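Biologist: Please take a close look at one part of this model, the nonpolar core, and then set it beside the rest of the fold.

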Amino acid sequence: VSLTWSPGPATAAVGARTADVWRVHLPVLPGVVDRSLLASARRSVLARYVGGVPAALSFETSCRLCGDERHGKPRLLDDPQLDFNSSRSGPWALVAVTRGAVVGVDVEGVERMACWDEIAAVAMADIERRRLAEIGRDLQPAAAARSWTCKEAVAKAAGWGLAADLRAIVGTRGGAGEPVLEAVPPGWGQASSWTLFDADPGLGHPGTVALGATDAVLRAWDLT
Ligand SMILES: CC(C)(COP(=O)(O)OP(=O)(O)OC[C@H]1O[C@@H](n2cnc3c(N)ncnc32)[C@H](O)[C@@H]1OP(=O)(O)O)[C@@H](O)C(=O)NCCC(=O)NCCS
């Protein structure tokens, strides 16, 4: 099922069991990774939920898992119940937002998965590697990128990022072709308490939104 992206509202509200994903097209400057563009897009998105001037929003990034103040999942001090997460790959950035649940997002370029078997060796479960090996070679990088974005979106939602046991986070496809979380690391609760959504911003860039809630819907907005 392909997602329909609509122009996003100037003021937005999101409730439980709903996640919004905002798509942002950013200029790619050769050899430059400009994090400030994503940061200002993120502020512009979040100000639509909270009100006020984007530049006035304040964040904190202390890690709930180890206390380090620099690498925790960013949280919005202005509205702690609003959870958000963002990801960038090539010209695309995604910002996911929800309320009263955790949300994570990841987007990857398929071209970065040319050597997917090296990533699979450290980050994929045996079942995922078997599934990838069974499909045609030319389809493997895209499938590996999809598999990776499921893992990373869940790991980012939970605040672990790449420090999570990535091999224990396994996504698959349900009967209608929808993404489904099959397994999570021990101590993380039930995989069935998560909802995954495909959120590809553009061709060759699989994206996934992971929401820590069930019976949920995703709304897809363009930041204009
Ligand atoms: C967070 C992380 C997954 C980002 O990976 P990436 O593929 O380079 O980048 P993405 O574009 O997908 O995402 C970047 C965004 O993730 C968010 N982020 C940062 N730390 C995060 C965390 N712990 N959890 C969830 N999201 C996080 C930030 O908003 C960041 O954007 P910014 O740099 O503009 O602020 C990766 O840097 C990581 O795992 N960091 C270490 C986390 C860690 O050490 N945890 C230790 C637990 S003790």
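Modeller: This is a predicted model. A good place to begin is Val-154, which touches Ile-169, Leu-181, Trp-188, Trp-194, Leu-196 and Ala-210, leaving aside residues up to four places away in sequence. Val-154 belongs to the largest nonpolar core, a set of 25 residues. Within that core, Val-154, Leu-166, Ile-169, Leu-181 and Trp-194 are the residues that touch the most other members. Helices α2 (116–123) and α4 (140–157) each supply at least two residues of the core. The greatest contribution comes from α4, with eight residues. Apart from this core there is a second, separate one of 17 residues, and its members include Val-21, Val-209, Leu-211 and Ala-216.

The sheet comes next. Five strands make up an open sheet with mixed pairing, and their order is β1-β12-β2-β6-β5. The edge positions are taken by β1 (6–7) and β5 (82–89); each has a single partner strand, so one side of each is left without a neighbour in the sheet. Further in, strand β2 (residues 18–25) runs antiparallel to strand β6 (residues 92–99), and six bridges join the two. In one of these pairings, Asp-20 has Val-97 of β6 as its bridge partner.

A helix also packs on these strands. Helix α1 (residues 35–50) lies across β2, β5, β6 and β12 (217–222), and α1 runs at about 150° to the edge strand β5.

How values were computed: Residues numbered from 1 in each chain as written. Predicted model: local features only at pLDDT ≥ 70, side-chain atom pairs only at ≥ 80, totals over all residues. Heavy atoms only, no water. Core = buried A, V, L, I, M, F, W, Y, C linked by side-chain atoms within 4.5 Å. Buried < 20%, exposed > 50% of the residue type's maximum accessible area, 1.4 Å probe, protein only. Helix = DSSP H or I, 4+ residues; strand = E, 2+ residues; numbered from the N terminus. Contact = heavy atoms within 4.5 Å. Pairing = 2+ DSSP bridges. Axes fitted to C-alpha atoms, helices over the stretch in contact; angles between N-to-C directions.
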